[in-house]
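Here's a quick tour of one protein chain, from its overall make-up to its cores, a pocket and one odd backbone angle. Have the structure open as you read.

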Amino acid sequence: MSHATPPGWYPDTGAPGLERWWDGTAWTAHTRRPGAAQAAPEQPPAPAAFGPRSLPHQRGPGGGSGGGNRTRILAFTLSGVLVVGAAVAGAVLLGRDEGGTPAAPATATSSPAPVTAPTATASSSAGPGPDEDSTVLVDQLNGVTLPVPQGWEKPESTSDDAATIRTEQSYDCPSAAAFCYHGTVTTRTARGGESDVRTLAEADIATAADKAYEEDGLGRRTHGGITSHRVLKAQELTVAGRTGYLVRWKVTTGKGPGGYVQSLVFPSSVGAGTPVIVRFAFDAGAPGLPLSLMDTITRGIRPLGDSATSGGVGASIGP
């Protein structure tokens with residue numbers, strides 16, 4: 001039985017000395033040096049049964065708690081290598097396809113001896129885990145944390161799989177049979193290779209507005225569509241210690257009060273510094289949702305592992 005290779009950092013054979021992020025489906029623009037893994041909090045290793053058996057040279061963090069455990073792991077790994085033979089050796093050499101793109105990590109179709117699965121040290125965290133601070137949204141892939149205001153939540157899943165916070169209470173959308181939320185903030189990785197934060201913010205704001213007030217993921221015009229917009233703010237600013245740029249619009253919709261959208265772009269503090277896009281969408285006139293909260297959340301964005309915040313950057317933020 002085959003298993004999809006889970007998201008994680010894997011060696012980039014096209015750039016010796018670097019690792020590239022595999023999102024479970026395709027390679028991303030994120031690269032880093034192997035030592036950068038220490039900057040992100042460690043995650044427990046994935047069960048061996050679901051690990052990418054084609055990568056036996058990868059090891060979990062720490063290599064075990066004692067010499068005996070390391071010996072047993074090495075013995076199991078060696079026996080697995082002997083069983084799969086040339087198939088494993090071929091998978092270790094992660095080549096590139098004809099277009100120059102790193103080849104996807106191969107998956108095994110048999111059941112060789114257990115091997116240690118690589119630990120995914122950078123992933124977007126949505127729903128809180130047992131020990132996770134509910135006042136902070138952790139986006140490990142992009143290397144940032146966002147404060148979660150009082151009365152907001154971190155949904156376990158979203159339609160576009162972006163790291164998300166939103167107001168807890170939903171309501172019936174003004175012009176479609178669907179649920180809407182008064183406030184939503186998402187983080188995502190910039191695509192396309194563009195690195196200029198101003199260019200990215202000015203290009204992304206229209207997409208942010210369309211996603212929030214034009215059509216949803218199912219093509220429903222939940223607010224009757226956007227009839228007009230007005231630019232409220234376009235400026236450079238410092239976010240998580242990096243120079244970024246934001247654009248904010250006020251949009252008028254066919255039904256309902258309309259709202260405010262903002263695209264904030266800044267370089268990531270991890271890997272190759274690929275830009276991070278943070279999208280905001282606030283309904284106009286919503287109780288307990290002042291426009292100033294956009295600025296409060298923006299000021300509360302921190303690099304991952306920032307000791308100054310102690311992981312509690314969102315604890316004092318009100319609605």
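## The chain at a glance

Of the 319 residues in the chain, 44% are buried. Keep in mind that this is a predicted model. The secondary structure comes to 4 helices and 15 strands. Take the contacts with a separation of 6 or more: 58% of them link residues 24 or more positions apart. On the outside, the chain exposes about 15,500 Å², with carbon and sulfur atoms supplying 53% of that area.

## What's packed inside

In soluble globular proteins, nonpolar side chains tend to be buried together. Here the largest nonpolar core has 24 residues, and the ones with the most contacts inside it are Trp-152, Val-185, Leu-264, Phe-266, Val-278, Phe-282 and Ile-301. The elements giving two or more residues to this core are strands E5 (144-147), E7 (163-167), E11 (226-239), E13 (259-267) and E14 (275-283), plus helix H4 (292-299). E14 gives the most, with 4 residues.

Val-185 is a good residue to click on. Leaving aside neighbours within four places in sequence, Val-185 is in contact with Leu-146, Trp-152, Ala-163, Thr-164, Ile-165, Val-278, Arg-279, Phe-280, Phe-282 and Ile-297. Apart from the largest core lies another one, of 15 residues, including Ile-205, Val-261, Val-265 and Ala-281.

## The second largest pocket

The second largest pocket has a volume of about 900 Å³. Its lining has 30 residues, and Ser-159, Thr-184, Lys-211, Ala-212 and Asp-216 lie nearest the centre. Here's how the lining divides by residue type:

| Lining residue type | Count |
|---|---|
| Nonpolar | 12 residues |
| Polar | 9 residues |
| Charged | 9 residues |

Which elements each supply at least two residues of this lining? They are E7, strand E9 (179-181), strand E10 (183-189), helix H3 (197-214) and E14. E14 has the largest share of the lining, 5 residues, and E14 also gives the most to the largest core.

## An unusual backbone angle

Most residues other than glycine have a negative phi. Ala-240 has a positive one, near 50°. You'll find Ala-240 in the loop between E11 and strand E12 (242-253). Is Ala-240 buried or exposed? Its relative accessible area is 15%, and buried means under 20%, so Ala-240 counts as buried.

Conventions. Residues are numbered from 1 along each chain as its sequence is written. This is a predicted model: local features need pLDDT of at least 70, side-chain atom pairs count only at pLDDT 80 or more; totals for chains, interfaces and linings use all residues. Side-chain values use heavy atoms; hydrogens and water are left out. A nonpolar core is a set of buried Ala, Val, Leu, Ile, Met, Phe, Trp, Tyr and Cys residues joined through side-chain atoms within 4.5 Å. Buried means under 20% relative accessible area, exposed over 50%, partly exposed in between (1.4 Å probe, protein chains only). Contact means heavy atoms within 4.5 Å. On a 1 Å grid over the protein atoms alone, a cavity is a set of points where a 1.4 Å probe fits but cannot get out, and a pocket is an open set with protein on both sides within 12 Å along at least five of seven lines; lining residues have an atom within 4 Å of a point. Grid points are joined across faces, edges and corners, and a volume is the space filled by probe spheres set on the points. Ala, Val, Leu, Ile, Met, Phe, Trp, Tyr, Cys and Pro count as nonpolar, Asp, Glu, Lys and Arg as charged, and the others, Gly among them, as polar. Accessible areas come from the Shrake-Rupley method with a 1.4 Å probe; for residues, only the protein chains shown count as cover.
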